[in-house]
Amino acid sequence: MTTPGQTVGPFFHYALPFEGDSELVPPGRADAIRLHGRVLDGAGVPIPDALIEIWQAAPDGSVVQQPGSLHRDGWSFTGWGRSATDGAGHYSFTTLVPGATESGRAAFFAVTVFARGLLDRLFTRAYLPDDPALADDPLLRSVDPERRGTLVATADATGFVFDIVLQGDDETVFLTFAGQ
């Protein structure tokens, strides 16, 4: 039986973060990059108590399928991380550039957003800006061309910036899944 969701925040800032949660790899690793950005409301005001989770493939496109993603051993890539936003709505992950999970598909970070006032978590994707497969990605092609940019991160000196806007004219495209 389907039941209605309950608001998902802001209590999770006290119970869900854990040591190393945003470090899918150690920050000093040679191939480590940063995925970071801000969570904003429709007026552009930062959300200081949101929680962002990412799932991603390894650079070779493989998906980690073993237990222990909550345990950070300092060298293993887990494919999953969690980052709370700070007072300025900023989040940050130390990770690797994801690979495509299927030939001809664009690589992406799967992103989940938990924030106060939301009845359920939100799902989106952060695609890499220079991926040649973007033009042919089935999900991106299904999105209005004027809104596709909300799903594509921007490159910076340390990796990628992906801002998440919860509502309004620049709202990030959010996804729904059967059974959600």
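This section describes the fold, the sheet, the cores and the salt bridges of a predicted protein model.

The protein has 180 residues, and 42% of them count as buried. Its secondary structure consists of two helices and nine strands. In sequence order, these elements follow the pattern α-β-β-β-β-β-β-α-β-β-β. Among contacts between residues at least 6 apart in sequence, 71% join residues at least 24 apart. The accessible surface amounts to about 9800 Å², and carbon and sulfur atoms contribute 53% of this area.

Four of the strands form an open sheet in the order β3-β2-β5-β6, and their pairing is antiparallel. The edges of this sheet are β3 (80-84) and β6, each of which pairs on one side only. From one strand to the next, the twist averages 25 degrees. In general, the strands of a sheet pair through backbone hydrogen bonds, and the pairing may be parallel or antiparallel.

Within this sheet, β5 pairs with β2 in the antiparallel sense over six bridges. Strand β5 is also joined to β6 by six bridges, and these two strands likewise run antiparallel. Individual bridge partners can be named on both sides of β5. Towards β2, glutamate 53 has threonine 112 of β5 as its bridge partner. Towards β6, alanine 110 is partnered by arginine 125, and valine 111 stands opposite threonine 124. Strand β5 is mostly covered, with five of its seven residues buried.

Threonine 112 gives a closer view of β5, the strand in which it is placed. Its relative accessibility is 1%, and because buried means under 20%, threonine 112 counts as buried. When neighbours within four places in sequence are left aside, threonine 112 is in contact with Leu51, Ile52, Glu53, Trp55, Arg121, Leu122 and Phe123. One of these contacts, Glu53, is also the bridge partner of threonine 112.

The largest nonpolar core contains 28 residues. The members that touch the most other members are Val39, Ile52, Phe109, Val111, Phe162, Ile164 and Leu166. Two or more residues of this core come from each of β1 (33-40), β2 (51-56), β4 (90-95), β5 (108-114) and β6 (122-127). A second core, separate from this one, has ten residues, among them Ala106, Ala133, Leu151 and Leu175. As a general rule, nonpolar side chains in soluble globular proteins tend to be buried together.

Leucine 175, one of the residues of the second core, is found in the segment after β9 (164-165). Leucine 175 counts as buried because its relative accessibility is 15%, below the limit of 20%. Apart from neighbours within four places in sequence, the contacts of leucine 175 are Phe123, Thr124, Arg125 and Leu139. Leucine 139 lies 36 residues from leucine 175 along the chain, and the C-alpha atoms of the two are separated by 9.7 Å. Two of the other contacts of leucine 175, Thr124 and Arg125, also take part in the pairing of β5 with β6: threonine 124 stands opposite valine 111, and arginine 125 is the bridge partner of alanine 110.

A search of the whole structure finds four salt bridges, and three of them are described here. In one, the side chains of aspartate 49 and arginine 116 meet at 2.9 Å, N to O. Aspartate 49 lies in the loop between β1 and β2, and arginine 116 in the loop between β5 and β6, so this pair ties together parts that are 67 residues apart in sequence. The two residues are covered to unlike degrees: aspartate 49 counts as buried at 16% relative accessibility, whereas arginine 116 is partly exposed at 41%.

Another salt bridge joins the side chains of aspartate 31 and arginine 29, with an N to O distance of 2.7 Å. Aspartate 31 is partly exposed, with 39% relative accessibility, and arginine 29 is partly exposed at 30%. In a further salt bridge, the side chains of glutamate 102 and arginine 105 meet at 3.8 Å, N to O. Here glutamate 102 has a relative accessibility of 44% and counts as partly exposed, while arginine 105 counts as partly exposed at 34%.

Methods
Residues numbered from 1 in each chain as written. Predicted model: local features only at pLDDT ≥ 70, side-chain atom pairs only at ≥ 80, totals over all residues. Heavy atoms only, no water. Core = buried A, V, L, I, M, F, W, Y, C linked by side-chain atoms within 4.5 Å. Buried < 20%, exposed > 50% of the residue type's maximum accessible area, 1.4 Å probe, protein only. Contact = heavy atoms within 4.5 Å. Areas by Shrake-Rupley, 256 points an atom, 1.4 Å probe, with all protein chains shown as cover. Pairing = 2+ DSSP bridges. Axes fitted to C-alpha atoms, helices over the stretch in contact; angles between N-to-C directions.
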